[in-house]
Each structure stands twice: as structure tokens, then as C-alpha cells.
Amino acid sequence: MNSLMIKALAFSAVLMGATIFVVKYMNVDLSDPVNLITMLGAAAIAFLTFGVAAKYINQMKTDKAEGELTDDNWDGIGEYKNELPGGWAYSFLGTIIWAMWYWTVGYPVNAYSQIGEYNKEVKAYNAQFQEMHKNADADTLQAMGESIFLVQCAPCHGETADGLSGKAQDLTARMAKDQILDVIAKGSNQLGFPMGAMPAGMASGADAEAIADYIVGGMQGQAPAAYATCAACHGADGQGMNGMSPNITKYDEKIVTQVLANGKKGMIGKMPSFNNRLTPVQEKALATYLQSL
Amino acid sequence: MFHWLEKNPFFFAVGVFLVIAFAGLVEILPNFGEASRPVVGLKPYTVLELAGKEVYKKDNCIACHSQLIRPFKSETDRYGQYSLSGEYAYDRPFLWGSKRTGPDLHRIGNYRSTDWHENHMWDPKSVIPQSIMPAYKHQFSNIADIETAYAEAVTVKELFNTPYDVDGGVALGSWEDARAAALAEAKEIAADMKNQDVKDLVANDQIPEIVALIAYMNKLK
């Protein structure tokens, strides 16, 4: 063994030592296969560094250039007519065969698509979401509704749902008096309830005032005579006859889904449609949250 | 032949360039041409919307807002369908932006309305308490540059064949027609607003920047 080999061995030992040091003192968890493979790789690199360096340095010491030269000569630099090294030649042939496969099958069939990955992710997530929340309990719906509200609704209705002093609907109450008067005067045909459009001017003057006061007051006590007109569609109790028309006493699930699907333009301003932005479970959760306010 | 190439580095370089350029041509160009075609149903901007786009550029909205929704679930949940290149076919230039200090605006028209923009541009903190966006009150009194917007529309129509004045599309016509159309559009928006100064200006046939900007925001869908 000559001095060069000893130096290469020493260098290799330093690399191995460094690897062991890292494993021991930097809390590397070798039960994780990724870490284990990485560390084995580091050891292999240290060993190969020693082997390859020793081989070529030895070869440089003893090798002599021999063989037949080609006719080409570039300013005194020539080229030997050597056979191609076997490993190199077979790899080259291999890459040609691989390229044929890649051109015809590999790329066209398996090409990466960002949209494909996106579609897969969304599909998997939606399936998991549906499975997880098939029979969601009230607490889950309440929590889900709150987080949906904070992301999707709070920018306009405010984080406490109070409508930011008149900039959007105050969701802690059903309707204010001037809103009721406005809708009685103008009618409404926006929400797509089975009962259809509400005509404009069903009541006016003192009758409309009495109706508005009665509804704002939570429909307590004796209904004013004019309310009979409203009761024909909204029901004597104002609940909207099981989803046939809007519930005017509270935000039930039906009115939440109808407003989300159609949007609504009232005296405050316009709420855009949120059609297809929420799943049915999410809409139910949102209704649960709104009712708890 | 190759021996000759090896002796002439210049022509060798030209040969290498041609081979690589050819690969680029066949792989990049067809896909690029396909993707940048306008999506079905895409209409060019009206003159008022173009004026709003100019306000968007002038007040440097692009410094904090992007207009490009990437195909990640977290983004499409918040902003809606991911963006397609064909949707920007009539954007000259597109306003993708590269910074999101504020949210993405590419589909803002789907989930915000005229009255919200009015409150928000006057005083962002009045609707979003944590907002760090500055107020843009000057837009309520500055007059939008409809003439330049019309000139821009005519230019892209003549130069790039942007489909104005086609059946079922956006009408451009003469300057008088375009001005009347922009005013009518502005009046519709002003009717949904509450600021009395803005309403007065529009009633006097002047269009404040905020109206043009809201027209542009409502178009982004």
C-alpha cells in the first residue's frame, strides 16, 4: 500500500466520521426510511470517493498513451481510433430505445398536467368532505358555519353579522321596518320560491306601517287586519308555508339557500349570487350559524 | 459535411441553434397559440370599463392585487374557478400582477357589488376593520378619461381586430355613440351608489373615476 492509498483511505474515513457525527449528534431519526437511505447514501459516497480517486490517480501514474491515430489533427491534438467502451455504447443504445418509447408512449400518455393534479386533489377532497360530514351534528355545523361566514360573508356583513351599520343586511335581526316598507312598496321576484313573485303595492299607508310594526315586533299579539294579505303567502305565522314562500320571521335553511343561489338586490344594495360556491352541507351549516346569532 | 462543420465554429453554432429552435417551434408555439385564443363568450371591454382599467393602472392597484387565480384548491375555494389564458385575450396589457398584499381580483365581480365597492374605496376599514388598504377618496371627484379609453378601444379594434361592433358583442361606433353608451352605463352604476357628489356629477354627464373603476370591477368575473 503506497502513501497515496493511505491518504485516500484517511479522506474516506473523515467523510464516514462526518456522516456518523451527523447521525449521532443532530438527532437524525434512522427509523424514518428517508433518513436511513440518505445516510447509507452518504456512506456509499464516502466509500466510492476513496475507490474512484485511488483508481484514477494510480492509472495516471502508470498509463501510457498507445494506439492508432485518426487522420484528424487539431493544432497538434490528435484522436485515437479506440473502440467505444462497452458500458458507454450499450447505455447509448439504451437511451435510443428509451427515447422511442418516450416519444410514442411515455410523454403523450403520462404527461404531467397541472390541471389534472388540481382536478384529482379537488375530487379526493370533496369525496372525503362528503364522507366525513354525511351526518354532521349540530356542533360541527355550527363551527363550520362560523368559519364559512368569516371567510365568505364577513367582508360585507361584518364579523359580528351586524351589517356594518347599514352597509349590508343585519343578519342578527330578520328585517328592519324601512326594509319591510320598501319590499311592500316595490314587491320582489328574486329568490325563486315556488310561490313566485310578490306584487308591488300589496298594502300602503297606515296598513303597511301596521304590518311592518307587527313583523318587526316579532309577530307578537294581535295581527293587524292588513296582515291577512301577507298571510295568504307567508302564512299566518310568517314561516312561509313550509318553503313555499320566504320565511319572514327568521333565516331558515330555505331562505339561506335561495338567497345564496340567486343573490338579492334590496334597498341597501346588491348581494351577488353564491351559486355553486358552497356545497349543500356548507349551506346547511351557514343556516345553522345564522340562526344562532 | 460534419467534418466541415467541426472546422467552422460559427456555422456549427448556427446548426445547433437551428436544431434547438426547431424543437421549440414544434413544442411551444402550437400550444401557445391554442391557449391564448379568447375563451368562448369572452367580450372586449366597453369604453367605461376601459376607463376603469386605466384608473386601476394609474392608482397602481397591481402593486398589491393580482388577477390570476392558480389551480390550487385553496385558491379556487376563495376566489372561484382558476384563470385560463384565453380570458386575457382582450387585456392589453394583462394585469396579472405578482404581489398579493391584498386578495386576487380576477373574479371580484362575482362576489362583490357596486355598493360594497363604494363603501370600500371611500374607507376600506369601514367594511374590513383589519384592512391595510388606503382610502381612494380622490376617485370620487376625479373625472375619468373617457376620450383616451375610446381611443384605446379604436386602436385595438383597428390594429388587433378586437371584435367591437359585432352582432351580440360590444358596440363601439363613433365617439358620440361611445360617449352616450358610457354615460348610460355610468348612470346605471350611479343609481346603485349613495354618494351624492358622484350622483350629481353623473347627472351632469361627467363620469367620476370611481364609477369607471366599479364598472371594471363588475366586469371581472
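A cavity, for my purposes, is a set of grid points where a 1.4 Å probe fits but cannot get out, and its lining residues have an atom within 4 Å of a point. I kept in mind throughout that this is a predicted model.

**Entry: the cavity**

I went looking for enclosed space and got 1 cavity of 30 Å³ or more. About 70 Å³ lies in the largest cavity. I listed its lining: B:Pro44, B:Tyr45, B:Leu50, B:Tyr90, B:Arg92, B:Glu152, B:Val156, B:Thr162 and B:Tyr164. I sorted these by type and came out with 6 nonpolar, 1 polar and 2 charged residues.

B:Arg92 made me check the backbone there, since B:Arg92 is one of the lining residues. The peptide bond from B:Arg92 to B:Pro93 turned out to be cis, with omega near 0°. I placed B:Pro93 in the loop of chain B that runs between helix H4 (73-79) and helix H5 (108-111).

**Entry: the A/B interface**

How many residues of chain A are in contact with chain B? I got 25 from chain A, against 24 residues of chain B. Between them the two chains bury about 2,100 Å², and 52% of that is on carbon and sulfur atoms. On the chain A side, I noted that A:Tyr118, A:Lys167 and A:Arg277 lose the most area to chain B, together 27% of what that side buries.

**Entry: a hairpin in chain A**

Next I looked at strands S1 (residues 69-74) and S2 (residues 77-80) of chain A, which run antiparallel and are joined by 3 bridges. They form a hairpin with 2 residues between them. In the turn, A:Asp75 has a positive phi of about 50°. I also jotted down that A:Trp74 stands opposite A:Ile77 in S2(A).

I then followed A:Tyr80, which lies in S2 of chain A. Is A:Tyr80 buried, partly exposed or exposed? Its relative accessibility is 33%, so I put A:Tyr80 down as partly exposed; that class sits between the 20% and 50% cut-offs. Leaving aside neighbours within four places in sequence, A:Tyr80 is in contact with A:Ala65, A:Glu66, A:Gly67, A:Glu68, A:Leu69 and A:Thr70. I checked the A:Gly67 pair by C-alpha atoms as well: they are separated by 6.2 Å, with 13 residues along the chain between the two positions counted as their spacing.

**Entry: A:His234 and what it touches**

I found A:His234 in helix H9 (residues 227-234) of chain A. A:His234 counts as buried because its relative accessibility is 13%, and buried means under 20%. Not counting residues up to four places away in sequence, A:His234 touches A:Met198, A:Tyr227, A:Gln239, A:Gly240, A:Met241, A:Ser245, A:Pro246 and A:Ile248. I also took the C-alpha separation from A:His234 to A:Asn247, which are 13 residues apart along the chain, and got 6.6 Å.

A:Met241, one of the residues A:His234 touches, deserved its own look. A:Met241 is in helix H10 (residues 240-243) of chain A. Its phi is positive, about 50°, although A:Met241 is not a glycine. With a relative accessible area of 40%, A:Met241 is partly exposed.

**Entry: another positive phi**

Which helix holds A:Leu164? I located A:Leu164 in helix H6 (residues 163-166) of chain A. A:Leu164 is not a glycine, yet I read a positive phi of about 50° for it. At 13% relative accessibility, I logged A:Leu164 as buried.

Notes. Residues are numbered from 1 along each chain as its sequence is written. Chains are lettered from A and ligands numbered from 1 in the order in which they are written. This is a predicted model: local features need pLDDT of at least 70, side-chain atom pairs count only at pLDDT 80 or more; totals for chains, interfaces and linings use all residues. Side-chain values use heavy atoms; hydrogens and water are left out. On a 1 Å grid over the protein atoms alone, a cavity is a set of points where a 1.4 Å probe fits but cannot get out, and a pocket is an open set with protein on both sides within 12 Å along at least five of seven lines; lining residues have an atom within 4 Å of a point. Grid points are joined across faces, edges and corners, and a volume is the space filled by probe spheres set on the points. Ala, Val, Leu, Ile, Met, Phe, Trp, Tyr, Cys and Pro count as nonpolar, Asp, Glu, Lys and Arg as charged, and the others, Gly among them, as polar. Two strands pair if DSSP finds at least two bridges between them. Helices (H or I, at least four residues) and strands (E, at least two) are DSSP runs, numbered from the N terminus. Buried means under 20% relative accessible area, exposed over 50%, partly exposed in between (1.4 Å probe, protein chains only). Contact means heavy atoms within 4.5 Å. Buried area is the accessible area (1.4 Å probe) that two parts lose on being put together, summed over both.
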